[in-house]
Structure formats: C-alpha cells, structure tokens
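Dear colleague,

Please find below the structure that I am handing over to you. I would be grateful if you could read the notes after it alongside the model.

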Amino acid sequence: MEAFFNAVPGAIGQGLIWGIMAIGVYITFRVLDFADLTVDGTLATGGAAMVMSMFAGANVYVAMIIAFVAGCLAGLATGLLNTVFGIPPILSGILTQLALYSINLRILGKSNQPLSVYKYDLIVSMTDITKALIIVAIIAVIVIAVLYWFFDTEIGHSIRATGCNQNMARANGININLTKIVALVLSNGLVALAGGLLSQYQGFADVNMGRGAIVVGLAAVIIGEVIFGKIFKNFALRLLSVVFGGVIYYIVMQFVISCGLNTDDLKLLTAVIVAIFLGIPYLKNKYAQKRIKVKEVKE
C-alpha cells in the first residue's frame with residue numbers, strides 16, 4: 001500500500017491532464033451527441049506538435065497554442081467529412097484518426113521523440129509533481145470557465161440545441177453543419193492541448209500515445225456523471241465532474257496496478273470499467289421502472 005500512496009500524486013497529475021482531454025470528449029459525446037473517434041489521433045497530434053515546436057525554438061506557451069490549433073484542424077477535417085461529404089460520424093472520426101497516424105509520424109520524424117525538462121523550459125513535468133498539479137489544475141479551471149462562457153453565447157446555445165434535437169434546431173434556423181464543425185474543432189483542440197501537456201508531463205511524444213484515448217475519455221465522463229451527476233447540476237460543475245472522473249479513473253488504475261495487475265491487461269480493465277459505469281444508469285432506470293409497475297399493480 002505504501003507504493004500506492006507514493007504513486008497517488010502522479011496519478012492525480014495524469015488524471016487532471018486526461019480530465020482536460022475528457023472535457024473535449026464530453027463536448028462531442030454529451031453536448032453535441034456526436035460519436036467522435038478522432039481523439040485517438042488528435043491526442044498524439046497535440047503531443048507531436050508540442051514537441052516539434054519546441055525543437056524549432058518556440059517557447060512552451062506558443063508550442064501549446066500550436067498544439068491546440070493542430071487539434072482544431074483535425075476536428076475541422078472530421079467536421080467537413082461529416083457535413084460536406086455526408087459520411088457518418090463514426091466513420092468520419094475513424095478516417096481522420098487513420099490519416100492522423102501518418103501525419104503524426106511525419107511531424108515527429110520517427111515514432112518517438114524525447115522532451116527533456118532539463119533542456120527545455122516546460123511548465124509541467126513528472127520531476128516536480130507539486131508544481132505540475134497546481135499548473136494543470138489552474139489550466140483545467142481556466143478551460144472550464146472559458147467553456148462555461150462560450151456555451152452561454154448564441155453559438156454555444158446553438159451547439160447544445162443541435163445536440164438535443166437536430167431537426168428542431170434546423171427548423172429554428174440554426175445552421176447545424178456549422179455548429180457541428182465548431183463543436184468538433186473546439187473538442188479536438190482541447191484534446192490536442194491535453195496531448196501537449198501530457199508530452200511535457202511524461203517527457204516525450206509518441207505516435208501511439210493516443211491509442212485508446214476515446215475509451216479513457218468516456219471512462220472519465222461516465223465516472224464523473226455516475227458519481228457526481230445528482231450533485232453537480234450546473235454546466236460548469238458537470239465539466240468539473242468530468243475532470244474529477246479522470247482523476248478517479250487514474251487513481252483506481254494505480255491502485256489496481258499496485259495490487260499486482262499485469263500492465264498488459266490495463267486496456268481490458270478500462271473496457272470493463274467503462275462497461276460497468278455505462279450499464280449502471282441503465283440498470284438503475286430499469287429497476288426503478290420495474291418498481292413503479294409493481295407499485296401500480298398493487299394499487
């Protein structure tokens with residue numbers, strides 16, 4: 001157990017970074033109701049853009065902006081495939097994700113590029129967990145505050161209306177193609193930003209660093225909703241619950257690893273966790289409906 005408690009700060013730091021990524025997933029998955037699989041490639045794109053920008057002489061803040069913009073372009077590609085060419089959401093994301101693998105290799109020049117905190121001025125690193133926790137937490141709060149403001153604007157309400165009912169939104173004069181593209185651009189920009197933070201934190205960017213990211217993002221979203229759904233009703237608090245979900249997910253993962261789980265089984269465990277948390281609301285609702293029917297019969 002001592003090893004687990006020693007590893008908890010690192011798990012929280014990683015969970016906060018993935019929580020920011022999960023906010024991007026939340027925008028498409030919950031707000032827009034769009035099954036976007038682009039994020040598996042976008043996370044690596046953000047990391048690759050971050051590392052190579054710093055190699056080219058950019059400071060860390062400019063490199064983070066470049067990573068964000070690179071993610072926005074990936075989201076734009078998915079949006080155009082869906083809205084202009086009529087390709088279904090899942091296939092649009094898969095096509096962009098597939099293309100991003102080659103693009104990420106092109107950006108990095110090889111499958112893995114190191115980013116040493118001793119050579120470059122990074123804002124987060126595993127070498128200073130306390131500083132990393134504070135900075136990533138501040139970034140998460142800033143992201144939530146900006147999104148809370150954005151989704152209270154006209155375009156933000158239009159995105160939410162599109163996610164609720166596309167036909168009704170279109171009938172009310174909303175350009176649903178535009179709202180889809182804006183949401184996908186914003187979502188993947190945040191995912192890429194998280195990829196840039198992750199590459200700093202772990203000290204390298206890898207072409208495969210985003211593999212399974214969508215599942216981790218969904219895990220954070222679902223865990224946050226199941227645990228905090230009845231408490232957090234405000235939109236900003238719901239976004240915060242997603243970040244908490246990412247932290248809880250990584251703490252649980254660290255605990256399981258400390259108990260001796262083979263790291264090769266982590267993807268399987270992730271799938272099981274997501275399946276359980278996805279199934280809990282359905283089973284609870286089904287049980288509640290059954291109780292109501294039984295009560296009606298008795299009456």
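The notes below cover the overall fold, the nonpolar core and two helix contacts.

This is a predicted model, in which local features need pLDDT of at least 70 and side-chain atom pairs count only at pLDDT 80 or more, while totals for chains, interfaces and linings use all residues. Residues are numbered from 1 along each chain as its sequence is written, and side-chain values use heavy atoms, with hydrogens and water left out.

Overall fold. The protein has 11 helices and 2 strands (DSSP runs numbered from the N terminus: helices are H or I of at least four residues, strands E of at least two). From the N terminus, the order of elements is α-α-α-α-β-α-α-α-α-β-α-α-α. The radius of gyration is 20 Å, close to the 19 Å given by the globule rule for 299 residues, so the protein is as compact as a globular protein of that length (the radius is taken over C-alpha atoms, and the rule is 2.2 Å times the number of residues to the power 0.38). Along its principal axes, the C-alpha trace spans about 75 × 55 × 30 Å.

Nonpolar core. Buried residues (under 20% relative accessible area, with a 1.4 Å probe and protein chains only) make up 47% of the 299 residues. The largest nonpolar core (buried Ala, Val, Leu, Ile, Met, Phe, Trp, Tyr and Cys residues joined through side-chain atoms within 4.5 Å) has 77 residues, and Ile23, Leu147 and Phe151 have the most contacts inside it. Helices that each supply at least two residues of this core include H1 (2–31), H5 and H8; H1 gives the most, with 12 residues.

Helix contacts. The axes of H5 (residues 129–150) and H8 (residues 176–202) come within 12 Å and cross at roughly 175° (axes are lines fitted to C-alpha atoms over the stretch in contact, and angles run from 0 to 180 degrees between N-to-C directions). That makes H5 roughly antiparallel to H8 (over 145 degrees). Among the residues that meet (contact means heavy atoms within 4.5 Å) are Ile139 and Leu147 in H5 and Leu186 and Leu190 in H8. By class, this contact has 11 nonpolar, no polar and no charged residues (nonpolar: Ala, Val, Leu, Ile, Met, Phe, Trp, Tyr, Cys and Pro; charged: Asp, Glu, Lys and Arg; polar: the others, Gly among them).

The axes of H6 (residues 154–164) and H8 come within 9 Å and cross at roughly 105°, which makes H6 roughly perpendicular to H8 (65 to 115 degrees).

Yours sincerely

Key. Angles under 35 degrees count as roughly parallel, over 145 as roughly antiparallel, 65 to 115 as roughly perpendicular and the rest as oblique. Buried means under 20% relative accessible area, exposed over 50%, partly exposed in between (1.4 Å probe, protein chains only).
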